[in-house]
Each structure stands twice: as C-alpha cells, then as structure tokens.
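Please open the model in your viewer and keep the selection panel at hand. The tour begins at one helix pair and then widens to the whole chain.

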Amino acid sequence: MVYAAVGIKCPECAGQPTGARAATRRVGRAASVGTGALVTKTLIGINVVVYLISVASGAGGLRPSDAFIRDWALIGVAVADGEWYRMITSAFLHGSLIHLGFNMLMLWWFGQLLESMLGRARFLGVYLVSALAGSAGALLLSGEFVPTVGASGAVFGILGAGVVLERKQINVFGGRALIVVILNLAFTFLVPNISIGGHLGGLIGGMLAMAALSIAGRHPVYGRFDLLSLLALLAIAAGSIFVAYLRVRGYPTGNF
C-alpha cells in the first residue's frame with residue numbers, strides 16, 4: 001500500500017509502477033542506464049574538439065600540429081619520464097582527418113549499442129579501461145621513441161566487451177561480435193602504420209572489463225554497478241599501468 005495525500009491507496013491507484021515496470025525502473029537506476037547514447041556522443045565530441053584544437057595549433061590546413069601531437073601522444077620515453085597522463089590523452093588524439101573519421105564511425109556504430117545495453121556508468125568504465133589497456137599494449141610492441149595516437153584501442157575494447165556478452169548469449173552486435181573482431185584484426189595486421197599492440201591491448205582490456213562487471217556472479221547487464229564492480233575495473237586499470245611501467249622502466253629519462 002502507498003500513503004498518498006488523500007489516504008492509503010494501492011500502488012496501481014497511486015500511479016506507481018509495479019511488476020515488470022517497477023523491476024525495469026530499478027534495474028535502470030542500478031545500472032545508471034542513460035538514453036540517447038549520451039556518453040558515446042560526448043566521447044565523439046571530445047575527440048572532434050581535440051582534433052580541431054590540434055589543427056588550429058598547426059601551420060594551416062587540416063593536418064594536426066606536430067608539436068601538439070608530440071606533447072600529448074603516447075611515447076615510451078616520455079612515459080618513463082613520468083608523463084603517465086599520456087596513456088589517456090593519446091586515446092583522444094588523431095593523426096589525420098581520415099584517422100579521426102574512421103575511429104569515430106566505429107565508436108558510433110558499436111558504442112551506442114553497448115552503451116544502451118550496459119548503461120552510462122558501465123560503458124564509460126569499459127571505454128576508459130580499454131584505452132589504458134590499449135596504451136599498455138602499444139608500449140609493449142612499439143619502440144621507445146615511436147608516438148602512438150588514436151581511439152582505436154578503446155574502440156577495440158568495446159568490441160571485446162561485445163564478444164564476452166555474446167558468449168553469454170546476450171546479443172549486443174547482432175550476434176556478430178566475433179566476426180567484427182576478426183575482420184578488424186585482419187585489417188590491423190595487413191595495413192601498415194597501425195598499432196597492433198594498441199588494438200590487441202584494447203581488445204583484451206575490454207574483455208577483462210566485461211568479465212569484471214560479472215564478478216561474484218553478477219549479471220553483466222542487469223547486475224548493480226556497485227563498489228565491487230568499480231574496484232574490479234580499477235584493478236584492471238592499475239594492471240595496465242603496471243604493465244606499462246615494466247615496459248618503460250629501463251628507458252632513458254630526462255632527455256625527452
């Protein structure tokens with residue numbers, strides 16, 4: 001019963017959701033579900049704005065400033081010198097308009113689908129953890145002076161999360177997540193100047209992040225996003241940073 005202004009009423013008479021409607025609302029609140037792919041759109045907007053800033057910092061045209069890229073890109077010796085922020089900032093940089101457009105198209109296609117499934121909080125957690133894991137993978141397979149930029153590591157994390165969900169019989173990419181991953185990995189290995197480590201690291205990071213959201217028997221979609229889920233994601237992020245540390249600790253410092 002519900003205590004209303006005009007007396008005691010049943011939930012139906014008081015206009016409150018019951019049954020499936022009430023359960024859906026509770027699940028939505030627990031998972032921080034948002035509508036309209038707000039996080040996906042925001043991430044795309046940030047990437048576009050950063051690209052415009054990088055172009056405005058250059059000498060003209062649509063090519064980003066080399067100095068801007070050098071200041072924020074993932075470079076092993078710079079990370080060894082203490083500039084750990086590059087593991088995240090590099091995921092919002094792009095080397096050309098085509099590079100930006102391709103990554104943003106992929107982010108829009110698959111990001112909005114995963115966000116609608118997981119909700120804002122979980123989706124953002126998967127994205128950021130995948131970006132860090134992608135940076136760790138790029139450092140593992142790149143030279144100490146080779147710059148790496150792009151959101152593709154985080155995008156591969158979205159695909160990896162989709163693979164884990166579809167293995168659990170939760171259809172998020174039309175049941176074709178594994179096929180999409182295989183095609184994109186083939187593209188990664190066949191096309192030059194693509195960060196293989198970044199793509200593989202992001203893919204693994206997304207899969208681990210999705211598994212972390214299922215920790216202790218939680219449903220990966222309908223379970224609550226609570227402190228344990230957050231700590232599990234933070235553990236993967238910390239692991240990525242530790243892998244990066246092991247890779248760069250022997251690099252020369254003080255000369256970048």
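**The contact of H7 with H11**

In this predicted model, select Gly125, Val129, Leu132, Ala133, Ala136, Leu139 and Leu140 in H7; these residues meet Leu233, Ile236, Ala237, Ser240, Val243, Ala244, Arg247 and Val248 in H11. Colouring the contact of H7 with H11 by class gives twelve nonpolar, two polar and one charged residues.

Next, display both helices in full: H7 covers residues 120-141 and H11 covers residues 227-248. At what angle do helix H7 and helix H11 pack? The angle is about 15°, and the axes lie 9 Å apart. H7 is therefore roughly parallel to H11, since angles under 35 degrees count as such. Viewed along the crossing, H7 passes H11 in a left-handed sense.

**The whole chain**

Now select the entire protein and show it as a cartoon. Eleven helices and two strands make up its secondary structure, in the order β-β-α-α-α-α-α-α-α-α-α-α-α from the N terminus. Of the 256 residues, 45% are buried. Among contacts between residues at least 6 apart in sequence, 72% join residues at least 24 apart.

**Confidence**

Finally, colour by pLDDT. The protein averages 88, and 85% of the residues score at least 70. Where is confidence lowest, and where is it highest? The lowest mean, 48, belongs to helix H1 (residues 19-31), whereas helix H5 (residues 86-89) has the highest, at 98. Select residues 23-34 last: pLDDT stays under 50 there, and the model has 18 contacts beyond four places in sequence for this stretch. Where pLDDT is low, the predicted coordinates should not be read in detail.

Definitions and conventions:
Residues numbered from 1 in each chain as written. Predicted model: local features only at pLDDT ≥ 70, side-chain atom pairs only at ≥ 80, totals over all residues. Heavy atoms only, no water. Axes fitted to C-alpha atoms, helices over the stretch in contact; angles between N-to-C directions. Helix = DSSP H or I, 4+ residues; strand = E, 2+ residues; numbered from the N terminus. Parallel < 35°, antiparallel > 145°, perpendicular 65-115°, else oblique. Left-handed = near helix turned anticlockwise from the far one by under 90°. Contact = heavy atoms within 4.5 Å. Nonpolar A, V, L, I, M, F, W, Y, C, P; charged D, E, K, R; others polar. pLDDT = per-residue confidence, 0-100. Buried < 20%, exposed > 50% of the residue type's maximum accessible area, 1.4 Å probe, protein only.
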